[in-house]
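Work through these two exercises with the model in view. Each task is followed by its solution.

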Amino acid sequence: MKTRITELFGIEHPIIQGGMHHVGLAELASAVSNAGGLGIITGLTQRTPELLAREIARCREMTDKPFGVNLSFLPSVNPPDYAGYIRAIIEGGVKIVETAGNNPQKWLPGLKEHGIQVIHKCTSVRHALKAESIGCDAISVDGFECGGHPGEDDIPNFILLPRAAEALKIPFVASGGMADGRSLVAALALGAEGVNMGTRFIATQEAPVHENVKQAIVAASELDTRLVMRPLRNTERVLVNAATERLLDKERELGAAISFADILPEVAGVYPRIMQGGEMDAGIWSCGMVAGLIHDVPTVRQLMDRIMAEAHALIHERLAGLIRQA
């Protein structure tokens, strides 16, 4: 399938694996790239730039196809060594970076100087237009359905994607609610040039997470996510579990007086315990509503081939068959 995104990134299928904390390791990124999509290593999962450099080299040994690195620019008392991470990306020969969080403008000149293409994650059209204006090459438009941080506007993709198509000149992909061939065809129909999948890729054989995590996603329905940290204006969509309920109880109890310190036990350092240790109630963890569409744990290649076969069948058979002949 040829779209502006496949052309831009030199990939076969218009499917990108989103950056996910303690999930986006070389095993998953290389599997997605080898299956024709764009795999993404999550930069800040690696505690130092040196470890990121090692992970990039490891991924390079597993695939000769394009892959990218996610770099989230987050407000922090002790910010990461972003200059070091970018140096590792450049020296590792990575040509695609997915940015998220704060405005990446400060870092764009250094990336552009080395021929690196930047796709920025946005949850609103106004942020997407800003990213376009500062020189980003593409946008990942994240609807309200998405796992992780959906922003504060609560606009679902059925509205957000056509609005992005109206406003943007650069290509964009749809993120949030993407799982199968129907998702891909719908996203293309609404103006996107492809899809970004996060939660769906966690439930694959190659995802380097505990089996408990994969089975929790398969068992979940579309009703099993919750929005947390809304009073802190740091809204996150997570899978409901005991930690989620504890956090929501605190939000109800403390109201507007709640602070980040009040919820630290549910959020600080919990991802390794959940993703690698399989302790499903250790803390909160990001999961999209799309869990309701996930019923199995295939290999990445099986998943990608299935999505593309479904998409082609939908376009050539179902949709083409709806056209009334004169």
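**Exercise 1.** Find the buried residues of helix H6 and place them around the axis.

*Solution.* Start with burial (under 20% relative accessible area with a 1.4 Å probe, protein chains only; exposed is over 50%, partly exposed in between). In H6, residues 125-133, the buried ones are Val-125, Ala-128, Ala-131 and Glu-132. They sit on the same side of H6, because their arc around the axis is only 115 degrees. That arc is taken from the directions from the helix axis to the C-beta atoms.

Now turn the helix over. Exposed Arg-126 and Ser-133 are on the face of H6 turned away from its buried side.

Next, find the partners. The buried residues of H6 pack against strand E5 (117-122), strand E6 (138-142) and H7; contact means heavy atoms within 4.5 Å.

Finish past the helix end. Gly-135 follows H6 and has a positive phi, near 110 degrees.

This is a predicted model: local features need pLDDT of at least 70, side-chain atom pairs pLDDT 80 or more, while totals for chains, interfaces and linings use all residues. Residues are numbered from 1 along each chain as its sequence is written, and side-chain values use heavy atoms, without hydrogens and water.

**Exercise 2.** Describe the lining of the second largest pocket.

*Solution.* Count first: 19 residues line this pocket. Lining residues have an atom within 4 Å of a point of the pocket, an open set on a 1 Å grid where a 1.4 Å probe fits, with protein on both sides within 12 Å along at least five of seven lines. Nearest the centre lie Glu-145, Gly-176, Gly-177, Met-178 and Ser-183.

Then assign the helices. H7 (157-167) and H8 (181-189) each supply at least two lining residues. H8 gives the largest share, four residues.
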